[in-house]
Amino acid sequence: MIGQNLDWNDVRIFLAIAHSGTLAAAAKLVGQTQPTMGRRLRALEETLGHVLFQRTSDGFILTDEGAAVLSYAERMEEEVLGFTRALAGKDAHLTGLLRVSSSDWFGIHVLTPVFAQFLTRHRGVSLELVTDSRRYNLARREADLAFRITPFDEPDVIQRKLMHVDYALYGRFDLVPPHPGDGEGQTLISMDSAFGTLPDVVWVKRMLPKAKIVFGSNNRGAQARMCAEGGGFAVLPCPLGDTTSGLQRIDLGEAPPGRDVWLGYHRDLRRVARLRALLDATIEALANI
């Protein structure tokens, strides 16, 4: 019986609050007053029999129940927009927000140029790029789309291998290249101790066993910057190292291991038009890298 009593206008208000975070911002978005927004939200929660938001001093935060139905509400919005477009005979116009998670260097040097082109074509879409080493939960909608160097093991996640990224050893142009199997007197820039088992870290220790690690960071951008400042040699992803001014690749006779990049999103979002469009644009742009 709930489905018969569900009012799309109330769902639209739920979406506006979820995307805006406050009643004031949501009211401006849909052109209604804050008291009206509050009443319609309470009516929706009473109809559903669940509290959809936590009311805090900083705004409205989705409860577990609210997060569970958000993707369904967004698909309702897509269908309503498609319904009106079909009747009006207009071309599809994508709208809405997408939250993307990736590592720092990949987000800056690989994804951002792709996203810039995407946004010029789809003015109604907004993108949030979160670069963090933490793995965001796709089921809880902490991110809509995630890029990782390992396959996803969460249930209900649709994934695919996006690309393979080559890595190389880099150093500033004026530094004397190290000799393979030695590295005596040379300095290295690497991951911090928590990431000491990564393939590229193990490789450089094997290739340059006598070199000293003088700077460690979990931020590849910081490694590249320190390398460009002459702090030592660093194994970097080639899309980052090749575009960092002042660096050159160092050939030790054996290339460091590269990494695969995987993309994933929750299956509930597979019919969201703006996500499908972003996936297509990203896959097409990175197919030949």
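Over how many bridges do strand 3 and strand 4 pair, and in the parallel or antiparallel sense? The points below take this up, along with the other sheet, the empty spaces and two single residues.

1. The model is predicted. The notes that follow describe that model and use its residue numbers, counted from 1 along the chain.

2. Strand 3 and strand 4 pair over 7 bridges, in the parallel sense. As background, the strands of a sheet are held in pairs by backbone hydrogen bonds, and the pairing is either parallel or antiparallel. To see this pair in the structure, look for serine 101, which stands opposite valine 130 in strand 4.

3. Strand 3 and strand 4 belong to an open sheet of 5 strands, with the order 4-3-5-12-6 and mixed pairing. At the edges are strand 4 (125-131) and strand 6 (157-165), each of which pairs on one side only. On average, neighbouring strands in this sheet are turned by 20° against each other, direction ignored.

4. Two helices that pack on this sheet deserve a mention. Helix 6 touches strand 3, strand 4, strand 5, strand 6 and strand 12, and its direction makes about 175° with that of strand 4. Helix 10 (residues 273-286) also packs on the sheet, touching strand 3, strand 4, strand 5, strand 6 and strand 12. The direction of helix 10 makes about 45° with that of strand 3.

5. Another open sheet of 5 strands has the order 9-8-10-7-11, again with mixed pairing. Its edge strands are strand 9 (212-216) and strand 11 (247-250), and each pairs on one side only. The average turn between neighbouring strands here is 40°, direction ignored.

6. Within that sheet, strand 8 (residues 187-190) and strand 9 run parallel and are joined by 4 bridges. Isoleucine 189 has phenylalanine 215 in strand 9 as its bridge partner. Helix 8 (residues 220-228) lies across strand 7 (167-172), strand 8, strand 9, strand 10 (233-237) and strand 11. Helix 8 runs at about 140° to strand 10.

7. Next, the empty spaces. Rolling a probe the size of a water molecule over the atoms shows where such space is left. The largest pocket holds about 650 Å³ of space. It is lined by 25 residues, and those closest to its centre are Ser103, Asp132, Ser133, Ile149 and Phe195.

8. Which elements supply at least two residues each to the lining of the largest pocket? They are strand 3 (96-102), helix 6 (104-121), strand 5 (145-148) and strand 12 (259-266). Helix 6 gives the most, with 3 residues. By class, the lining of this pocket has 10 nonpolar, 8 polar and 7 charged residues.

9. The second largest pocket has about 500 Å³ of space. Of its 23 lining residues, Ala18, Leu62, Leu70, Arg99 and Arg141 lie nearest the centre. Two or more lining residues come from each of helix 2 (8-20), strand 2 (59-62), helix 5 (64-88) and strand 3. The class count for this lining is 10 nonpolar, 4 polar and 9 charged residues.

10. The model has 1 cavity of 30 Å³ or more, and the space in the largest cavity is about 50 Å³. Strand 8, helix 7 (199-207) and helix 8 each supply at least two residues of its lining. Among the lining residues are Ile189, Asp200, Arg220 and Val235; Ile189 is also the residue whose bridge partner is phenylalanine 215. By class, the lining of the largest cavity has 6 nonpolar, 2 polar and 2 charged residues.

11. Is aspartate 10 buried or exposed? This residue sits in helix 2. Aspartate 10 counts as buried because its relative accessibility is 8%, and the cut-off for buried is under 20%. Leaving aside neighbours within four places in sequence, aspartate 10 is in contact with Arg40 and Leu44.

12. Threonine 22 is in the loop between helix 2 and helix 3 (23-30). Its relative accessibility is 28%, so threonine 22 counts as partly exposed. Not counting residues up to four places away in sequence, threonine 22 touches Ile17, Asp58, Gly59 and Phe60. Aspartate 58 is 36 residues away along the chain, and the C-alpha atoms of threonine 22 and aspartate 58 are separated by 8.1 Å.

Notes. This is a predicted model: local features need pLDDT of at least 70, side-chain atom pairs count only at pLDDT 80 or more; totals for chains, interfaces and linings use all residues. Side-chain values use heavy atoms; hydrogens and water are left out. On a 1 Å grid over the protein atoms alone, a cavity is a set of points where a 1.4 Å probe fits but cannot get out, and a pocket is an open set with protein on both sides within 12 Å along at least five of seven lines; lining residues have an atom within 4 Å of a point. Grid points are joined across faces, edges and corners, and a volume is the space filled by probe spheres set on the points. Ala, Val, Leu, Ile, Met, Phe, Trp, Tyr, Cys and Pro count as nonpolar, Asp, Glu, Lys and Arg as charged, and the others, Gly among them, as polar. Two strands pair if DSSP finds at least two bridges between them. Axes are lines fitted to C-alpha atoms, for helices over the stretch in contact, and angles run from 0 to 180 degrees between N-to-C directions. Contact means heavy atoms within 4.5 Å. Buried means under 20% relative accessible area, exposed over 50%, partly exposed in between (1.4 Å probe, protein chains only).
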